Amino acid sequence: MYAQMVKSEATTEDPEKLAAFQARIDAGEKIEPKEWMPEGYRKTLIRQIGQHAHSEIVGQLPEGNWITRAPTLERKAILLAKVQDEAGHGLYLYCAAETLGVSRDELTEALLSGKMKYSSIFNYPTLNWADIGAVGWLVDGAAIMNQVPLQRTSFGPYSRAMIRICKEESFHQRQGYDIMMKMAQGSPEQKAMAQDALNRFWYPSLMMFGPSDKDSVHSAQSMAWKIKINTNDELRQKFVDQTVPQAEYLGLTIPDPELSWNEEKGGYDFSEPDWSEFFEVIKGNGPCNAERMEARQKAWDEGAWFREGLMAHAAKRAARKIAAE
Ligand code: FAQ
């Protein structure tokens, strides 16, 4: 069904309905699930919300890997809470997608068959504890930069999910920055680990915002529908401008010799990520793509007995209710 939804091209829709819909969007109204919407709007939302939900779930893997190896009990409790939050974000987002007429199982199957994507960033490995700091600081930092404007997105359930998610993401970013601060103020070896984590996560974090505007396929239509509020390059620029002073405060160096303040534009000039690497990663050829998909497939297979049990229980309850009526 997901494939059907995404493949079927926009049917010829009533121009009056389309104009009335666009007028509601332009007036800043929220669109609710049972209201009329163009097929393309629905398909774009399923793609973006579904991809976002998958990212939250797959995004648990690089950090979950460090829960048993956190350096103190306190760090372990904090990381555990953060990773659990990501699971919750996935659930809110799957629920928002379900209101558009696609089931969570269909979305998961589309992820596992490679029809749907998840964020490129989670295909990079977390090699040591400093990487957990870098993920919180940079990856959650980039996620917030993208998601704060999405609180104003035009689809009601997505917008409401984002409000709650953003509150939790701020805590995530603070915990990552706090780890980086401890490492950067620690021994020379610890500071070197923090710098190395920044070196490896900087460009993959910039890639999270998507291809440059000239290569972004969906931005123009998504912005007209207020599914996206900003372009990929706008958000990337804001992220760099916010993060450079944070790195300076830590005494760390952004791994970009071209980085310089541009007085005229009131922002930093910086080097673009290697876009050929980005396109390889989203095609499935990143350092950890195979490992991530194996983990999701295993969880799906091992959870089959539970899903079936739950459905059998629901069917039994429904039958009992009908019999009692
Ligand atoms: N990775 O035309 P555009 C998190 C694809 S936050 C993979 O510009 P669009 C929190 C794109 O799908 C991370 N694929 O696309 C957390 C399209 O391919 P398609 C998730 C990417 O949709 C933190 C093609 O490239 N956040 O997980 C990426 O207008 C720590 C052309 O691109 C969201 O999903 C990428 N980075 O803009 C969890 C936010 N970028 O689908 C755990 C919501 C682009 O046609 C630990 N999403 N592509 O086959 C968005 O804002 C947008 O979807 C963008 C992409 C900005 C990601």
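**Aromatic pairs, a bent helix and two cores**

Let me start with one residue: Trp-225 is buried, with a relative accessible area of 11%. Keep in mind that this is a predicted model. Every value I quote is computed.

What does Trp-225 pair with? Its partner is Tyr-41, and the two rings meet edge-to-face. The centres are 5.7 Å apart, and the planes stand at 90°. Tyr-41 is buried as well, at a relative accessible area of 0%.

Now look at where the two rings come from. Tyr-41 belongs to helix α3, residues 39-58. Trp-225 sits in the loop between α10, residues 219-224, and α11, residues 232-250. These parts are 184 residues apart in sequence, so the pair ties them together.

The two are not alone. Phe-21 and Trp-36 join Tyr-41 and Trp-225 in one aromatic cluster. Across the whole structure, the search finds 11 aromatic pairs.

Stay in that loop for a moment. Lys-226 is also placed between α10 and α11. Its phi is positive, about 55°, although Lys-226 is not a glycine. Is Lys-226 buried, exposed or partly exposed? Its relative accessibility is 27%, so it counts as partly exposed.

Two tryptophans carry an arginine over the ring. Arg-69 lies over the face of Trp-66, 3.9 Å from the ring centre. At Trp-300, the charged end of Arg-307 sits over the ring, 3.4 Å from its centre.

Next, helix α9. This helix runs over residues 188-207, which is 20 residues. From first C-alpha to last, α9 reaches 30 Å, close to the 28 Å expected at 1.5 Å a residue. Where does α9 bend? The bend is at Phe-201, by about 35°. A proline, Pro-204, follows within four residues.

Much of the interest in α9 is on its buried residues. Among them are Ala-194, Leu-198, Phe-201, Trp-202 and Met-207. Pro-204 is buried too. What covers these residues? The cover includes α7 (129-150), α8 (156-184), α11 and α12 (275-285).

That brings us to the cores. The largest nonpolar core has 42 residues. Those with the most contacts inside it are Trp-129, Trp-137, Leu-138, Trp-202 and Phe-239. Which elements give two or more residues to this core? They are α5 (73-98), α7, α8, α9 and α11. The largest share, 10 residues, comes from α7.

Take Leu-138 as an example. Leave aside its neighbours within four places in sequence. Leu-138 is then in contact with Leu-198, Phe-201, Trp-202 and Ser-205, and also with Phe-239 and Thr-243. Note Phe-201 in that list: this is the residue where α9 bends.

There is also a second, separate core, of 27 residues. Met-37, Ala-53, Met-162 and Ile-165 are included in this second core.

Last stop, Tyr-249. This residue lies in helix α11. At 61% relative accessibility, Tyr-249 counts as exposed. Which residues does Tyr-249 contact, leaving aside its neighbours within four places in sequence? They are Tyr-177 and Met-181. Pro-125 is 124 residues away from Tyr-249 along the chain, and their C-alpha atoms are separated by 26 Å.

To recap, briefly. Tyr-41 and Trp-225 form an edge-to-face pair. Helix α9 bends at Phe-201. The largest nonpolar core takes its largest share from α7. Thank you.

Notes:
Residues numbered from 1 in each chain as written. Predicted model: local features only at pLDDT ≥ 70, side-chain atom pairs only at ≥ 80, totals over all residues. Heavy atoms only, no water. Phe/Tyr/Trp six-rings, centres within 6.5 Å; stacked < 30°, edge-to-face > 60°. Buried < 20%, exposed > 50% of the residue type's maximum accessible area, 1.4 Å probe, protein only. Lys NZ or Arg CZ within 6 Å of the ring centre and 35° of its normal. Expected span 1.5 Å × (residues − 1). Bend = angle between axes of the 7 residues up to and from the residue. Contact = heavy atoms within 4.5 Å. Core = buried A, V, L, I, M, F, W, Y, C linked by side-chain atoms within 4.5 Å.
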